[in-house]
Every structure is written in structure tokens, then in C-alpha cells.
Amino acid sequence: MSIKEFVKHHYRHFNAAALVDAAEGYIKLVESGGKMFVTMGGAMSTAELGLSLAEMIRQDKVHAITCTGANLEEDVFNLVAHDFYERVPNYRDLTPEDEVKLLSRHMNRVTDTCIPEMEAMRRIEKVVLKEWMRADQANEHYFPHQFMYKILLSGDLKDSYQIDPKNSWLLAAAEKNLPMFVPGWEDSTLGNMYAGHCISGDVKKVHTVRTGIEYMMELAEWYTKTTAETPLGFFQIAGGIAGDFPICVVPMLHQDLQREHVPLWAYFCQISDSTTSYGSYSGAVPNEKITWGKLGVDTPKFIIESDATIVAPLIFAYVLGW
């Protein structure tokens with residue numbers, strides 16, 4: 001029995017049924033000629049979402065991505081340092097003193113997974129710093145993801161790969177030159193490192209790495225061009241800026257630029273275990289987005305209240321027919 005057959009047979013009610021409905025809606029949009037915009041919050045790269053997302057990209061089931069700076073870099077960290085990662089199954093039992101011991105070993109914990117600073121973060125810093133400095137001296141300006149595309153496509157890291165490169169979603173995206181938007185990149189390890197190199201003078205011009213406002217301008221142009229040709233869906237994994245930033249491009253075009261006939265998102269799905277309380281945006285039901293001019297009355301809307309690390313790979317497997 002395939003994963004798709006298993007899910008269709010067993011996932012009949014509640015969040016399980018919402019998963020099936022969302023997957024079927026995803027397939028319907030893409031098979032009818034539509035495109036899908038995927039957003040990634042949380043630590044999905046450290047959860048190794050590349051095992052399924054990379055194939056989604058290769059098979060043209062994903063047509064653009066917005067992610068956090070953490071997800072951008074952590075896929076590459078995993079690519080070059082996977083063997084040095086450590087899992088802490090009993091992370092809930094750790095004392096502050098246990099955490100200090102991890103710190104002393106330069107093991108940065110993300111839930112139950114420790115990322116090795118020297119083998120992952122510092123190794124990538126050395127490679128990308130060369131690109132930052134080269135661009136800075138040439139008075140060139142690139143987005144954060146473009147620098148990552150450059151170092152991956154250059155082949156400089158190939159000898160350091162510790163996983164099958166087919167499981168790196170960022171490498172798959174680089175090979176397709178997939179449109180990507182990384183708002184708030186400064187809130188990431190490499191973003192912090194870049195700020196440090198600007199302060200120390202290694203990089204002279206802070207705008208050598210292009211900004212989030214420029215990302216929004218790029219997104220506005222891409223959204224306008226894409227939706228003039230085909231419907232565009234929105235598939236949101238977790239919450240935060242990765243989802244909040246891109247979905248706002250529609251009201252920005254309509255309300256702020258006063259453009260008429262701006263197409264709404266043609267599909268919406270969010271996987272989140274956030275609850276609607278105290279103004280929680282990530283926990284808001286999709287209908288709230290109608291009041292902000294992002295979705296319409298007839299937009300297919302799905303919300304799966306569950307763990308994205310479990311749900312997203314299942315939906316991707318379903319869409320891929322695994």
C-alpha cells in the first residue's frame with residue numbers, strides 16, 4: 001500500500017481528514033495549471049524536510065518559496081555537517097547545567113537536535129564570507145538566497161557533503177533558480193555573522209546583502225506577473241514572518257498601490273498547532289484573511305491543526321503519489 005493509499009483509507013476525520021482535503025486541493029490546483037507558493041517557518045530544515053520537499057521542487061510541484069533565514073541556512077548546515085549533529089531524545093529533562101554543557105561543546109540545540117557550531121555554522125561562514133566580500137568589493141548586491149545559490153552551484157562545498165545531495169531542498173531550488181524570498185534574514189545565524197562582518201569592516205557596504213523591503217518589491221513584481229498567467233496557491237508550513245510577509249503582497253498591491261483587479265490567492269492551507277488566542281495571527285482561522293483582502297469567499301481554505309514536521313511530509317508524499 002502506498003503512502004497516498006494509506007492516508008486516503010485511514011485519514012477520514014478531524015485533522016486527518018483536513019490533511020486529505022488539503023492534499024487533494026493542492027493536486028487539483030497544480031494539475032489544472034496553477035502554481036503553488038510554499039512558506040516555511042519553524043525549524044523545518046533541521047527537521048530534514050528536504051527529504052520530501054526537494055523532490056517536490058524537482059517535479060515542479062513548488063513554484064516559489066518564502067522561508068526564514070534559519071530555514072535557508074539550516075538546510076545547508078545539514079548538508080555539510082549531518083554526521084556531527086547530535087540528537088537529545090530526553091531534551092525535556094535537561095537541566096540548565098546540562099544546557100551549559102552543550103554550550104561549552106558549541107552544540108546549539110533546536111528542540112531535540114543539536115547543530116554543531118564549528119562543523120556547520122563556521123564552515124558555511126568561511127565560504128559565504130568570501131562571496132560577501134567579493135560582491136562588496138565589486139559593488140554588487142544580492143539577496144541572501146542568491147548568495148546561498150552561488151556557493152551551492154559553485155561546487156565549493158561538494159567535498160563536504162554528508163547527506164545525499166538529492167535530499168537538500170535548497171540545492172534543488174538553486175538548480176532550478178527557484179524564486180525565493182527570505183524576510184527578516186538578519187534574524188538568523190548568518191545574518192548575525194554578516195552584521196558582525198559589517199561592524200568589523202570586512203564588508204564595507206551593509207546593502208551588499210539586499211533587504212526585506214527589496215524582497216517585497218521583488219515579490220510584488222513576481223506575484224503580478226505570475227497571477228496574470230495562472231492561479232497561485234499559498235501553502236503555509238508553521239507561522240511567523242515566513243507566512244505573514246508574503247501573504248500581504250495582495251492587499252499591498254490592491255490597497256497601498258491602488259491597483260484594480262489584483263487576483264487573490266487561489267488556494268490557502270496552513271499547518272499549525274498554534275491556537276487562536278491573545279491576537280495570535282498564526283492561529284487565526286483562514287476566514288479572518290478575507291477581511292484583510294488576502295483571500296476570497298470562494299478560495300479553497302484548509303487549516304490542519306497539528307505538528308508540521310509530521311503533516312508536511314505526508315502531504316508532499318500524497319501529492320507526489322508515493
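**Exercise 1. Find which residues of helix α8 are buried in this predicted model, and what covers them.**

*Solution.* Start with the residues themselves: Trp169, Leu170, Leu171, Ala172, Ala173 and Ala174 are buried in α8. Next, set them against the whole helix, which spans residues 169-176: six of its eight residues are buried, and α8 is mostly covered. Now look around the helix. The cover over its buried residues includes the strands β1 (35-40), β2 (64-67) and β6 (180-181), along with the helices α3 (50-58), α4 (69-81) and α7 (144-153). Finally, step past the end of the helix: just after α8, Asn177 has a positive phi of about 50°.

**Exercise 2. Work out the strand order of the open sheet of six strands, and say which strands stand at its edges.**

*Solution.* Reading across the sheet, the order is β6-β2-β1-β7-β8-β9, and the pairing is parallel. The edge strands are β6 and β9; each has a single partner strand, so one side of each is left without a neighbour in the sheet. Now zoom in on two of the pairs. β1 and β2 are joined in the parallel sense by four bridges, and Met40 has Cys67 in β2 as its bridge partner. Towards the other edge, β8 (residues 267-271) pairs with β9 in the parallel sense, again over four bridges. There, Ile271 stands opposite Ile304 of β9.

**Exercise 3. Sort the side chains of strand β9 by the face they point to.**

*Solution.* Walk along residues 301-304 and you will see the side chains alternate. Phe302 and Ile304 point to one face and are buried. Lys301 and Ile303 point to the other face and are not buried.

**Exercise 4. Name the residues with the most contacts inside the largest nonpolar core, and trace the contacts of Ile65.**

*Solution.* This core has 100 residues, and Ile65, Phe235 and Ile237 have the most contacts inside it. Take Ile65 and set aside its neighbours within four places in sequence: its contacts are then Phe37, Val38, Met40, Leu53, Ile57, Trp169, Leu178, Pro179, Met180 and Phe181. You have met Trp169 already, as one of the buried residues of α8.

**Exercise 5. Describe the largest cavity and its lining.**

*Solution.* The structure holds one cavity of 30 Å³ or more, and the largest cavity has about 40 Å³ of space. Its lining consists of Leu72, Val128, Trp132, Pro144, Phe147, Met148, Trp185 and Leu190. The elements giving two or more residues to this lining are α6 (117-137) and α7, and α7 gives the most, with three. By type, the lining has eight nonpolar residues, no polar and no charged ones.

Methods. Residues numbered from 1 in each chain as written. Predicted model: local features only at pLDDT ≥ 70, side-chain atom pairs only at ≥ 80, totals over all residues. Heavy atoms only, no water. Buried < 20%, exposed > 50% of the residue type's maximum accessible area, 1.4 Å probe, protein only. Pairing = 2+ DSSP bridges. Contact = heavy atoms within 4.5 Å. 1 Å grid on protein atoms, 1.4 Å probe; cavity = no way out; pocket = protein on both sides within 12 Å on 5 of 7 lines; lining within 4 Å. Points joined across faces, edges and corners; volume = space filled by probe spheres on them. Nonpolar A, V, L, I, M, F, W, Y, C, P; charged D, E, K, R; others polar. Core = buried A, V, L, I, M, F, W, Y, C linked by side-chain atoms within 4.5 Å.
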